[in-house]
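Work through the exercises below with the model open. Each task is followed by its solution.

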Amino acid sequence: RLPVQHERLEVAVGDIFDRDGLAAILAGHEVVISSYGPQVGTGREEELLEATRSLIAAAKKAGVARLLAVGGAGSLTVAPGVQLMDLPEFPPNALPIAQAHKDALKIYRQEQELDWVVLSPAADIRPGERTGQYRLGAEELVRDARGQSRISAEDFAVALLDEVENPRHHRQRFTVGY
């Protein structure tokens, strides 16, 4: 379903829950990027946990050196002991997927063999302008001078690819924002 073709892009279709089939697709690749996530409000958010376990197992079986996964922003801290998803203004319909991303992060943190990274977006991520500029954070939500946490989908993609090309994070989560 990708709208573009590129000489350096090879599209393969697989099932993230089929570990052996996925391992066959991943074999021979140095890096895997996963942006898998069930749609908000579908009641299928728990599938993210099995998908995470399957992806880790398949990557290890395939001999992939590095796995980058897109995570959620809900479990980023906004104050000591307070996560974004704890705030009263956090959308209630997004709580199940935020919790699933938090639980998936726990699964990654237990993984000691694979070089994994989870990149969590800013609180507000949407299509916009590609500037190539962003700030990095660790466990705390990145905010601008006005207290807003945002990033364009285009700059989020740049940050993800920057991490592929120049790895700075290993077996940890990080975040980006303006």
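**Exercise 1. Place glutamate 50.** Find which residues glutamate 50 touches, leaving out those up to four places away in sequence. Then give its element and its exposure class.

Solution. The model is predicted.
- Step 1: the contacts. Glutamate 50 touches Phe17 and Arg19 once residues up to four places away are set aside.
- Step 2: the element. Glutamate 50 sits in helix H2.
- Step 3: the class. Its relative accessibility is 33%. Partly exposed covers the range between 20% and 50%, so glutamate 50 counts as partly exposed.
- Step 4: a distance. Glutamine 5 is 45 residues from glutamate 50 along the chain, and their C-alpha atoms are separated by 30 Å.

**Exercise 2. Classify two more residues.** Are alanine 57 and valine 13 buried, partly exposed or exposed?

Solution.
- Step 1: alanine 57 belongs to helix H2. Its relative accessibility is 26%, so it counts as partly exposed.
- Step 2: valine 13 is in the segment before H1. Its relative accessible area is 76%. The cut-off for exposed is over 50%, so valine 13 is exposed.
- Step 3: add the distances. Alanine 57 and isoleucine 25 lie 32 residues apart in sequence and 13 Å apart in space, C-alpha to C-alpha. For valine 13 and leucine 95, the separation is 82 residues in sequence and 30 Å in space, again C-alpha to C-alpha.

**Exercise 3. Dissect the core.** How many residues does the largest nonpolar core have, and which elements give two or more residues to it?

Solution.
- Step 1: size. The largest nonpolar core has 25 residues. Leu26, Leu55, Leu67 and Tyr108 have the most contacts inside it.
- Step 2: contributors. Two or more residues come from each of helix H1 (19-26), helix H2 (47-62), strand S2 (66-70), helix H3 (95-110) and strand S5 (115-120).
- Step 3: shares. H2 supplies the largest share, 8 residues.
- Step 4: one member. Leucine 55 is in contact with Leu22, Leu26, Val32, Ser34, Leu67 and Tyr108, neighbours within four places in sequence left aside.
- Step 5: the other core. Another core, of 12 residues, lies apart from this one. Its members include Leu68, Val117, Ala122 and Tyr134.

**Exercise 4. Check a backbone angle.** What is the sign of phi at arginine 171, and where does the residue lie?

Solution.
- Step 1: the general case. Most residues other than glycine have a negative phi.
- Step 2: this case. Arginine 171 is not a glycine, yet its phi is positive, about 50°.
- Step 3: location. Arginine 171 lies in the loop between helix H4 (153-165) and strand S9 (172-177).
- Step 4: exposure. Its relative accessible area is 37%, so arginine 171 is partly exposed.

**Exercise 5. Describe the whole chain.** How many helices and strands are there, and what radius of gyration does the protein have?

Solution.
- Step 1: elements. There are 4 helices and 9 strands. From the N terminus, their order is α-β-α-β-β-β-α-β-β-β-β-α-β.
- Step 2: radius. A compact globule of 178 residues would have a radius of gyration near 16 Å. The protein has 16 Å, so the two agree.
- Step 3: box. Along the principal axes, the C-alpha atoms fill roughly 45 × 35 × 30 Å.
- Step 4: burial and surface. Buried residues make up 42% of the 178. The protein exposes about 10300 Å², with 50% of it from carbon and sulfur atoms.
- Step 5: charges. The mean positions of the 20 positive and 26 negative charges are 3 Å apart.

How values were computed
Residues are numbered from 1 along each chain as its sequence is written. This is a predicted model: local features need pLDDT of at least 70, side-chain atom pairs count only at pLDDT 80 or more; totals for chains, interfaces and linings use all residues. Side-chain values use heavy atoms; hydrogens and water are left out. A nonpolar core is a set of buried Ala, Val, Leu, Ile, Met, Phe, Trp, Tyr and Cys residues joined through side-chain atoms within 4.5 Å. Buried means under 20% relative accessible area, exposed over 50%, partly exposed in between (1.4 Å probe, protein chains only). Contact means heavy atoms within 4.5 Å. The radius of gyration is taken over C-alpha atoms; the globule rule is 2.2 Å times the number of residues to the power 0.38. Accessible areas come from the Shrake-Rupley method with a 1.4 Å probe; for residues, only the protein chains shown count as cover. Lys and Arg count as positive and Asp and Glu as negative; His and the chain ends are not counted. The place of a charge is taken as NZ of Lys, CZ of Arg, CG of Asp or CD of Glu.
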